[in-house]
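Reader: I have a model on my screen and some labels I want justified. Can you take me through the reasoning?

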Amino acid sequence: MKKRIPYVNEAVAERDFKYYIFDWDDNILHMPTKIRMEHLEENGEWKPVEVSTATFALVRTDNRHYRPPTAGGWAAAFANFADDPPPLGETGGSRIEDENNRFIRDTIDALERVEHGEIPGPSYNALKKTLREGRLFAIVTARGHSPRTIESAVRVFIKYALSDDERAEMMSSLRGYRRWIDGVADGDFGTDAEELDYYLGMCRYSAVTYKGFRARMAEDPIYRDKLASAPSAARPELAKEFAIRDFVEHVFHMLRRAGQLGRSVSIGFSDDDAGNVKSVSSFIKEELSKRFEGIKFVVYDTSDRTLDKGRKVCVSGQRNLPGF
Ligand SMILES: [Mg+2]
């Protein structure tokens with residue numbers, strides 16, 4: 001039986017506040033983007049190879065057999081993970097430009113493979129649900145794209161991964177939040193495209209090797225010092241921390257403005273890289289849960305593909321509840 005979808009889902013006012021931070025590669029989608037490395041062959045020669053993100057996560061610490069290209073180093077290794085062609089700016093740009101962007105092309109490719117039966121990343125359904133429910137989210141990735149490129153990829157995801165009914169459900173949730181939080185009356189809603197723009201504009205897209213992101217991090221008084229004293233291997237993790245703190249602050253300020261801070265709030269983080277999971281878990285324990293006492297943090301480790309649900313919960317912390 002077909003579920004009737006109301007134009008405005010008033011029930012969103014009864015929901016808990018749950019927000020999610022997603023890593024992209026191998027967490028939402030298995031992307032075809034390859035990392036360029038050199039591999040030590042049996043004959044003692046280093047040969048250029050291209051490895052998948054999943055393989056890279058396993059071999060990145062095996063520096064006896066793998067190394068970044070001798071010409072260009074790590075920047076050359078991750079050349080496929082930057083915007084190509086480069087973004088014109090943070091806003092604007094045309095659809096044609098998006099279609100030429102390698103990240104958008106790779107996203108379409110990965111989504112088409114899912115359409116044809118390939119198993120998506122372990123948090124694929126969690127992102128779908130987040131969108132259907134119109135909840136705020138952040139994409140935090142080690143890639144080097146502009147926020148606008150990642151937002152475009154989310155739009156592609158909405159187009160491919162959600163059915164017509166699921167998109168209608170998403171629009172109904174979005175109008176529900178707009179009515180509840182912003183008091184929008186019937187007849188005053190924007191078009192679907194305008195309401196979707198408003199929603200996606202409230203979400204956050206952080207590619208931590210994007211130059212704009214790195215510049216913002218270098219200007220932050222706390223992270224400028226942390227970066228200066230960190231060994232270079234710890235820098236990607238620090239950047240993820242910075243992006244997570246940014247989203248948590250964004251959510252906190254938004255709730256304060258809406259006068260909703262007394263409600264139960266939880267923020268989930270999912271990543272398939274065990275190293276990120278470990279460092280983010282300790283960041284939550286040591287810093288975030290102390291600063292944001294009313295927020296519950298949940299970390300989902302999606303590195304083990306053999307798990308039934310594709311993920312395991314690592315940290316679930318809320319300091320002002322007994323038991324934590
Ligand atoms: Mg990943």
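Author: Start with contact: two residues are in contact if their C-beta atoms, placed from the backbone, lie within 7 Å. This is a predicted model. Leaving aside neighbours within four places in sequence, Lys-47 is in contact with Glu-38, His-39 and Glu-41.

Reader: What makes Lys-47 count as exposed?

Author: The cut-off for exposed is 12 or fewer C-beta atoms within 10 Å. Lys-47 has 10 such neighbours, so Lys-47 counts as exposed. Lys-47 lies in strand E3, residues 46-51.

Reader: How far apart are Lys-47 and Pro-69 in space?

Author: They are 9.3 Å apart, C-alpha to C-alpha. In sequence, 22 residues separate Lys-47 and Pro-69.

Reader: Why are H7 and H8 called roughly perpendicular?

Author: Helix H7 (residues 164-182) and helix H8 (residues 192-202) pack at an angle of about 70°. Angles of 65 to 115 degrees count as roughly perpendicular. H7 and H8 therefore earn that label. Their axes are 10 Å apart.

Reader: Which residues meet there?

Author: From H7 come Met-171, Leu-174, Arg-175 and Arg-178; from H8 come Asp-192, Glu-195 and Tyr-199. By class, this contact has three nonpolar, no polar and four charged residues.

Reader: Which residues have the most contacts inside the largest nonpolar core?

Author: They are Ile-21, Phe-22, Phe-137, Ile-139, Ile-244 and Val-248, in a core of 60 residues. Helix H11 (residues 235-257) gives the largest share, eight residues. Beyond four places in sequence, Ile-21 touches several residues, including Phe-137, Ile-244 and Phe-269.

Methods:
Residues numbered from 1 in each chain as written. Predicted model: local features only at pLDDT ≥ 70, side-chain atom pairs only at ≥ 80, totals over all residues. Core = buried A, V, L, I, M, F, W, Y, C linked by C-beta atoms within 7 Å. Buried ≥ 20, exposed ≤ 12 C-beta atoms within 10 Å, placed from the backbone. Helix = DSSP H or I, 4+ residues; strand = E, 2+ residues; numbered from the N terminus. Axes fitted to C-alpha atoms, helices over the stretch in contact; angles between N-to-C directions. Parallel < 35°, antiparallel > 145°, perpendicular 65-115°, else oblique. Nonpolar A, V, L, I, M, F, W, Y, C, P; charged D, E, K, R; others polar.
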